[in-house]
Amino acid sequence: MSIGGQLFGIPVLKVQDVLGSQTITRVPLAPVEVAGSLNLRGRIVTAVDVRLRLGLPKRDSEKQAMSVVVEHEGELYSLLVDSVGEVLSLESRDYQRNPPTLNPRLREFSDGIYRLNDSLLVVLSVSSLLNFGNRADAA
């Protein structure tokens, strides 16, 4: 998936569904990164704007977000991203820990990286993205 021109990935076994633009209802008093909730086949799913979670600027209003639905601790969450690409089969030998030069905000939500031929794929940690309890500004 792509967010702000950067290539990201999550383990495919975490992905439940990939959706186009969805109607999202804002949740009062939720953190700014929580875009709201959506109805997925009768289930209420929390939508998280990954752009904002990563500290990137808001998406242009005319561009629609794609939704990557993941399961975390028995609940479904929708990760709002700019675009979704193909499923990649990557070799474990090509996996690397986060380099010290990786943006600290990305490092906070990353499990590691893969160096592809012409780009860097950052592996997102779903549990870190969805952990809002450790925020210093949560009070």
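This passage describes the nonpolar cores and the two largest pockets of a predicted model.

The interior is a good place to begin. The largest nonpolar core holds 24 residues, and those touching the most other members are Phe8, Ile10, Val50, Leu54, Val70, Leu79 and Leu124. Four elements give two or more residues to this core: strands S6 (66–72), S7 (75–81) and S10 (120–124), together with helix H3 (126–129). Of these, S7 gives the most, with three residues. A second core lies apart from the largest one; it has nine residues, including Val45, Ala47, Ala65 and Leu80.

Leu54 offers a handy view of how the largest core is put together. Beyond its neighbours within four places in sequence, Leu54 is in contact with Ile3, Phe8, Arg105, Leu106, Phe109, Leu124 and Leu129. Two of these partners, Phe8 and Leu124, are themselves listed with Leu54 among the core residues that touch the most other members.

Turning to the pockets, the largest has a volume of about 560 Å³. Its lining is made up of 19 residues, with Gly9, Ile10, Glu86, Val87 and Leu88 lying nearest the centre. Strands S2 (6–9) and S3 (15–19), along with S10, each give two or more residues to this lining, and the largest share, three residues, comes from S2. By class, the lining of the largest pocket comprises 16 nonpolar residues, two polar and one charged. Ile10 links this pocket to the interior: the residue lies among those nearest the pocket centre and also belongs to the largest nonpolar core. Strand S10 likewise gives two or more residues to that core and to the lining of the largest pocket.

The second largest pocket has a volume of about 440 Å³. Here the lining consists of 20 residues, and Ile24, Ala35, Asp49, Arg59 and Leu80 are the ones nearest the centre. The elements giving two or more residues to this lining are strand S4 (34–40) and S6. Its residues divide into eight nonpolar, six polar and six charged.

Asp49 deserves a closer look in this setting. This residue is found in strand S5, which spans residues 43–49. Asp49 counts as buried because its relative accessible area is 10%, under the 20% cut-off. Leaving out residues up to four places away in sequence, Asp49 touches Glu33, Ala35, Arg59 and Leu80. Among these partners, Ala35, Arg59 and Leu80 also lie, like Asp49, nearest the centre of the second largest pocket. Leu80, in addition, is a member of the nine-residue core.

Definitions and conventions: Residues are numbered from 1 along each chain as its sequence is written. This is a predicted model: local features need pLDDT of at least 70, side-chain atom pairs count only at pLDDT 80 or more; totals for chains, interfaces and linings use all residues. Side-chain values use heavy atoms; hydrogens and water are left out. A nonpolar core is a set of buried Ala, Val, Leu, Ile, Met, Phe, Trp, Tyr and Cys residues joined through side-chain atoms within 4.5 Å. Buried means under 20% relative accessible area, exposed over 50%, partly exposed in between (1.4 Å probe, protein chains only). Contact means heavy atoms within 4.5 Å. On a 1 Å grid over the protein atoms alone, a cavity is a set of points where a 1.4 Å probe fits but cannot get out, and a pocket is an open set with protein on both sides within 12 Å along at least five of seven lines; lining residues have an atom within 4 Å of a point. Grid points are joined across faces, edges and corners, and a volume is the space filled by probe spheres set on the points. Ala, Val, Leu, Ile, Met, Phe, Trp, Tyr, Cys and Pro count as nonpolar, Asp, Glu, Lys and Arg as charged, and the others, Gly among them, as polar.
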